[in-house]
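Let's take a walk through this model together, starting with the overall picture and then turning to the charged side chains.

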Amino acid sequence: MSAHYTSREALQLQLRALGLVDQGLLGDLSDLARFHEVQKDEVIIRAGQLPTQFYVVLKGLVRYYYLSPSGKEWNKAFFHEGRLIGSLSSFLRCQPCSYTIAALEPCYLAAFPVSIFQAGCNANAQLQQLLNRYVQDIMLRNEQREAVLLTCDSEARYMWLLEHQQWLVTRVPQYHLASYLGMEPASLSRLKRRVGALIQR
């Protein structure tokens, strides 16, 4: 089995999981995809760029982050295998991306031009459904995290993470998790020890 065939099969599995079942569309998207290996810490989309592509994560983990004027990074989100990544706001507003997307692990990505959503959705209901689902997922995720950051103390934020995104604890370095939760790494370390002690009682 060739590497190209393996990539096509992996992509089609992920697209089916996202709700695309039309065999013709799956074949067209597989032909259109361009497959990329991305090294750890490599930038996929840089803040200030106008993205021309979006991606399906076939393997690995990526992070979205903002960079403050002082150079401090604030993590916005993490996405693993089977997720679409890109800048929805850039696509909808035709403006440069306001955050950076980078690989947190070595990644294998399938890239597509954003133009397929501009032209393809008019011709294919499944593409429109995929875009709608993507928009809905982002809105719900951002709303939940915003509520947690604005209304919960640090312990409640960490407990929310354990309940809703527990996989992050095993795949994301602690200093990145601390940024995501809006706290300093040392504070998260103390909190993890305290919560761990309570759980063991």
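A residue counts as buried when its relative accessible area is under 20%. By that yardstick, 44% of the 201 residues in this predicted chain are buried. Keep the cut-off in mind, as it comes back below.

Now for the overall build. The chain folds into 9 helices and 8 strands. Its radius of gyration is 18 Å, close to the 17 Å that the globule rule gives for 201 residues, so the chain is as compact as a globular protein of that length. Measure along the principal axes and the C-alpha trace spans about 55 × 40 × 30 Å. Take the contacts between residues at least 6 apart in sequence: 69% of them join residues at least 24 apart. On the outside, the accessible surface comes to about 11100 Å², and carbon and sulfur atoms account for 53% of that.

What about charge? The chain carries 21 positive and 17 negative side chains, and the centres of the two sets are 6 Å apart. Side chains of opposite charge can pair when their charged atoms come close. How many salt bridges does a search of the whole structure find? The count is 5.

Start with D31 and R8, whose side chains meet with N and O 2.6 Å apart. D31 sits in helix 2 (residues 23–32) and R8 in helix 1 (residues 3–17), so this pair ties together parts 23 residues apart in sequence. R8 is buried, at 19% relative accessible area.

Next, look at E73 and R63, a salt bridge with its closest N and O atoms 2.7 Å apart. Here strand 5 (residues 73–79) supplies E73 and strand 4 (residues 62–67) supplies R63, so the pair joins parts that are 10 residues apart in sequence. R63 is buried, with a relative accessible area of 7%, while E73 is partly exposed at 31%.

A third bridge joins R171 and E81, at 3.1 Å between the closest N and O atoms. This one links distant parts of the chain, 90 residues apart: R171 is in helix 7 (residues 167–171), and E81 is in the loop between strand 5 and strand 6. Both residues count as partly exposed, R171 at 26% and E81 at 29%. These two also belong to a network of salt bridges together with E105.

Finally, find R141 in helix 5 (residues 125–151). R141 is buried yet has no salt bridge. Which side chain of opposite charge is nearest to R141? That is D137, 7.8 Å away, whereas a salt bridge needs the atoms within 4 Å. Leaving aside neighbours within four places in sequence, R141 is in contact with K76, A77 and F79.

Notes. Residues numbered from 1 in each chain as written. Predicted model: local features only at pLDDT ≥ 70, side-chain atom pairs only at ≥ 80, totals over all residues. Heavy atoms only, no water. Helix = DSSP H or I, 4+ residues; strand = E, 2+ residues; numbered from the N terminus. Buried < 20%, exposed > 50% of the residue type's maximum accessible area, 1.4 Å probe, protein only. Lys, Arg positive; Asp, Glu negative; His and termini not counted. Contact = heavy atoms within 4.5 Å. Rg over C-alpha atoms; globule rule 2.2 N^0.38 Å. Areas by Shrake-Rupley, 256 points an atom, 1.4 Å probe, with all protein chains shown as cover. Charge placed at Lys NZ, Arg CZ, Asp CG, Glu CD.
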